Amino acid sequence: MTMFYHTALGATPFARNRRICQLRQAGLLQLGGNRKLKIYGLLTCKSGKRMLTDNRVFFSGEAEAQAHGYRPCGHCMPEKYKQWKAGQG
């Protein structure tokens with residue numbers, strides 16, 4: 001299981017974006033996360049797109065994100081978030 005840190009994917013924003021595209025095409029990036037808040041969600045999530053790149057991480061799937069202690073995003077994954085929330089009580 002490999003968690004990819006956004007800032008470690010290249011020296012410049014262009015290089016990072018290029019590497020992210022390569023990893024997505026290879027199927028190695030499916031979800032994004034916020035390392036400070038420990039939340040993961042879809043790569044298309046508006047909340048995720050607004051976070052600082054220093055806080056951004058990427059995962060190959062939900063099992064990987066959960067193994068690192070992340071929870072689902074309430075905005076882009078509302079059903080999964082509800083399930084997670086119900087399991088907390």
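This is a tour of a predicted model, stop by stop, with what to select at each one.

**The sheet**

Start with the strands. Five of them form an open sheet with mixed pairing, in the order E1-E4-E2-E3-E5. Select residues 4-5 and 71-72 to see the edges: these are strands E1 and E5, and each pairs on one side only. Next, show E3 together with E5; the two run parallel and are joined by two bridges. Across this pairing, Ile 39 stands opposite Arg 71 of E5.

**The largest core**

Now select Met 3, Leu 31, Ile 39, Tyr 40, Cys 45, Val 57, Phe 59, Ala 65, Tyr 70, Cys 73, Cys 76 and Met 77. These 12 residues make up the largest nonpolar core. Two elements give two or more residues to this core: strand E3 (39-42) and strand E4 (56-59). Another core, of six residues, lies apart from it; Phe 4, Leu 9, Leu 23 and Leu 29 are among its members. Nonpolar side chains tend to be buried together in soluble globular proteins.

Stay with the largest core and centre on Tyr 40. Leaving out residues up to four places away in sequence, Tyr 40 touches a set that includes Leu 31, Phe 59, Ala 65, Tyr 70, Cys 73 and Met 77. Glu 62 and Arg 71 are also among the residues Tyr 40 touches, and both return at later stops.

**Phe 59 and Tyr 70**

Select Phe 59, which is found in strand E4. Is Phe 59 buried or exposed? Its relative accessibility is 0%, so Phe 59 counts as buried. Beyond four places in sequence, its contacts include Met 3, Leu 28, Leu 29, Gln 30, Tyr 40, Glu 64 and His 68. Add Phe 4 to the view: its C-alpha atom is 6.7 Å from that of Phe 59, although the two are 55 residues apart along the chain.

Then add Tyr 70. The structure holds two aromatic pairs, and Phe 59 with Tyr 70 is an edge-to-face one, 4.9 Å centre to centre with 70° between the planes. This pair links distant parts of the chain, 11 residues apart: Phe 59 is in strand E4, while Tyr 70 is in the loop between helix H3 (62-67) and E5. Tyr 70 is buried as well, at a relative accessible area of 5%.

**Arg 71 and Trp 84**

Move to Arg 71 and show Trp 84. The charged end of Arg 71 sits over the Trp 84 ring, 5.4 Å from the ring centre.

**His 6**

Go to the loop between E1 and helix H1 (13-25), where His 6 is found. His 6 has a relative accessible area of 5%, which makes it buried. Which residues does His 6 contact, leaving aside neighbours within four places in sequence? Select Arg 16, Ile 20, Thr 53, Arg 56 and Phe 58 to see them.

**The salt bridges**

Finish with the charged pairs, of which two count as salt bridges. Select Lys 80 and Glu 62, whose closest N and O atoms are 3.2 Å apart. Lys 80 lies in helix H4 (residues 78-88) and Glu 62 in helix H3, so this salt bridge ties together parts 18 residues apart in sequence. Both partners are partly exposed, Lys 80 with a relative accessible area of 35% and Glu 62 at 25%.

The other selection is Glu 79 with Lys 82, a salt bridge with its closest N and O atoms 3.6 Å apart. Both residues lie in helix H4, three residues apart, about one turn of the helix. Glu 79 counts as exposed, with 52% relative accessibility.

Methods: Residues are numbered from 1 along each chain as its sequence is written. This is a predicted model: local features need pLDDT of at least 70, side-chain atom pairs count only at pLDDT 80 or more; totals for chains, interfaces and linings use all residues. Side-chain values use heavy atoms; hydrogens and water are left out. A nonpolar core is a set of buried Ala, Val, Leu, Ile, Met, Phe, Trp, Tyr and Cys residues joined through side-chain atoms within 4.5 Å. Buried means under 20% relative accessible area, exposed over 50%, partly exposed in between (1.4 Å probe, protein chains only). Helices (H or I, at least four residues) and strands (E, at least two) are DSSP runs, numbered from the N terminus. Contact means heavy atoms within 4.5 Å. Two strands pair if DSSP finds at least two bridges between them. Rings of Phe, Tyr and Trp (its six-membered ring) pair if their centres lie within 6.5 Å; planes under 30 degrees apart count as stacked, over 60 as edge-to-face and the rest as tilted. A charge sits over a ring if NZ of Lys or CZ of Arg is within 6 Å of the ring centre and within 35 degrees of the ring normal. A salt bridge is a side-chain nitrogen of Lys or Arg within 4 Å of a carboxyl oxygen of Asp or Glu.
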